[in-house]
Amino acid sequence: MIKTIATKPYGDQKPGTSGLRKKVPVFQQENYAQNFIQSIFDSLEDFAGKTLVIGGDGRYFNREVIQIAIKMAAANGFGKVMVGKGGILSTPAASNLIRKYKAFGGIILSASHNPGGPTEDFGIKYNIGNGGPAPEKITDAIYARSRVIDSYKIVDAPEIDLDRVTTLTLDGMTVEIIDPVADYAELMEELFDFPAIRNLFSLGFHMVFDAMSAVTGPYAKEIIERRLGASEGTVRNFTPLPDFGGHHPDPNLVHAKELYDEMMSGGDAPDFGAASDGDGDRNLIIGRGIFVTPSDSLAVLAANAQLAPGYSKGIAGIARSMPTSMAADKVAEKRGIGIYETPTGWKFFGNLLDAGKVTICGEESAGTGSDHVREKDGLWAVLLWLNILAVRGESVEDIVTQHWATYGRNYYSRHDYEGVDSDAANGLMATLRDKLPSLSGTKIGDLTVETADDFAYHDPVDQSVSKNQGIRVLFEGGSRVVFRLSGTGTSGATLRVYIERYEPDANRHNLETQAALADLIAAAETLADIRARTGRDAPTVIT
Ligand code: G6P
Ligand code: ZN
């Protein structure tokens, strides 16, 4: 039944920050997905007879590629595949399955928070045995293989019924169609105080969760409504749709604006609002009248994690990506635990988590997670917040303002200049880089530059070095401006300017964020000449 099919290589199958992401019509080209999947298998060793986890976020083309992946896994000698029913697995749930069942690895089909549909985005990503995204050593090998591939192996078999939980065999390989939610929900019950959260809901606590017609719908329904007893209707847009209902499944203030407006609507607003993205790894947290920035959320979660059973012994350390605000650093300092600053991208946390150096990680790009899996985890962040709210019995606003009073507030904003001409963006960065050696000690307005550098990361576990990860200019008093080009954009370049000001004085914790950062925003302009170089008067997006 195994067929070897001749194929021609494509030149563009280079995995990016998070696997191979292209428009659906690109993936629909003859053998395009097959080539990439075979290139993954050809880059791995010693998987004969072992288990592969397969699932995706349910977006357009998901089912087709799941069928192909199962049949190719059988032809390539895997002993078993575990596939989420309906082809559904959130990214953190897939990571959990790989770890729990000691699978060899997993194939996750997703383009995260990007739109889905016949002309929108699709993606294929390979995760290794620790449950995390494949490191560059492997993705480089996959790309190299994809450039010379001349055949792939597939089992010739009829369509597999993905919609029933069952076990069958396919040419000697076991195919287990599993409930995509059960193992993940069980893990969440181990980590969090479900009785306390149930009690909170029974006291009338009002929550809204927007699944954005993406993969977290079934997970949130089961966990938040069924197991935690939140009233029906708490979870909105809970049916995963192939085109996410035509929206960007990106939980931010732009794409989850309705939720934001509702949370800001005054005294009748829900107590707690949250959302997750296409594949379930990002999160948005909003209290009544207060949006919690991902950077603040990381710091608050790290400071209160011990209130949840899974972290009752305390946390070993915290890691954040470099552009993420330094709010978490204040927590680590006070607790005397490790704090690690990594380049942007979840994969950099893997070594620190595996080595037990950190327990909680987070990024300004709406990702938070812990050592329970090796991906960021949207629902995990929501449940940890709920656990903290249930135990402390205070509002989100009270918890956040008390946090600022204790640790100081890191005012924080990101200014994005999207679709900028690539040469102009590279020129801006190059000029900044050239200025770096002379910046220390210079004054810009009332600010004095303390240090400035192009961030390089020395991984303390495997000693690898990643250079050119963003330019940081640190001012006296703990304020910062960071410049970085996005690694995930598809057209032109996106300049991201991350602006942060540390304010220890609680009397000044109630300022409007952009106003609080005005002098730093002006300094960023002086430093990088943004307007002239990008031809833009203002950022495209401010978060
Ligand atoms: C993806 C990764 C994140 C990362 C983000 C950065 O979502 O999973 O780990 O923080 O990209 O995106 P950027 O566009 O800033 O490179
Ligand atoms: Zn995602």
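The residue shell around ligand 1 in this predicted model comprises one nonpolar, 11 polar and two charged residues. It is formed by 14 residues, of which W346, S365, S486, G487 and T488 come nearest to the ligand.

The annotation of the chain was considered next. An unreviewed UniProt entry lists residues 13-151, 183-286 and 295-407 under "domain: Alpha-D-phosphohexomutase alpha/beta/alpha". Over residues 13-151, helix accounts for 36% of the chain and strand for 23%, and the C-alpha atoms at the two ends are 15 Å apart. Over residues 295-407, the corresponding values are 45% helix and 16% strand, with the end C-alpha atoms 13 Å apart.

An open sheet of seven strands is present, with the order β2-β6-β5-β3-β4-β9-β8 and mixed pairing. Its edges are occupied by β2 (20-23) and β8 (166-170); each has a single partner strand, so one side of each is left without a neighbour in the sheet. On average, and with direction ignored, neighbouring strands of this sheet are turned by 15° against each other. The edge strand β2 runs antiparallel to strand β6 (residues 121-127), to which it is joined by four bridges. Within this pairing, L20 has I124 in β6 as its bridge partner. Helix α3 (residues 62-75) packs on the sheet, where it touches β3 (51-56), β4 (80-88), β5 (105-109), β6, β8 and β9 (173-178). The direction of α3 makes about 170° with that of β4.

A further open sheet consists of four strands in the order β16-β15-β17-β18, and its pairing is likewise mixed. Here β16 (338-342) and β18 (367-370) stand at the edges; since each has a single partner strand, one side of each is left without a neighbour in the sheet. From one strand to the next, the twist averages 15°. Strand β15 (residues 317-321) pairs with strand β17 (residues 360-363) in the parallel sense, over three bridges. In this pair, R320 stands opposite G362 of β17. Helix α11 (residues 327-335) lies across β15, β16 and β17 and runs at about 165° to β15.

Packing between helices was examined for two pairs. Two packed helices are described by the angle between their axes and the distance between the axes. Helix α7 (residues 194-202) packs against helix α13 (residues 378-392) at an angle of about 70°, and the axes of the two helices are 9 Å apart. The angle makes α7 roughly perpendicular to α13. On the side of α7, the contact involves A196, I197, N199 and L200, which meet L386, N387, L389, A390 and V391 in α13. By class, the residues of this contact of α7 with α13 divide into seven nonpolar and two polar, with no charged residue.

In the other pair, the axes of helix α10 (residues 294-304) and helix α14 (residues 396-407) come within 11 Å and cross at roughly 85°. Helix α10 is therefore roughly perpendicular to α14. The contact is made by D296, A299, V300 and A303 of α10 together with I399, V400, H403 and Y407 of α14. Six nonpolar residues, one polar residue and one charged residue make up the contact of α10 with α14.

Notes. Residues are numbered from 1 along each chain as its sequence is written. Chains are lettered from A and ligands numbered from 1 in the order in which they are written. This is a predicted model: local features need pLDDT of at least 70, side-chain atom pairs count only at pLDDT 80 or more; totals for chains, interfaces and linings use all residues. A residue is near a molecule or strand if its C-beta atom, placed from the backbone, lies within 6 Å of it. Ala, Val, Leu, Ile, Met, Phe, Trp, Tyr, Cys and Pro count as nonpolar, Asp, Glu, Lys and Arg as charged, and the others, Gly among them, as polar. UniProt positions are given in the numbering used here, feature names are shortened, and annotations may be inferred rather than shown by experiment. Axes are lines fitted to C-alpha atoms, for helices over the stretch in contact, and angles run from 0 to 180 degrees between N-to-C directions. Angles under 35 degrees count as roughly parallel, over 145 as roughly antiparallel, 65 to 115 as roughly perpendicular and the rest as oblique. Two residues are in contact if their C-beta atoms, placed from the backbone, lie within 7 Å. Two strands pair if DSSP finds at least two bridges between them.
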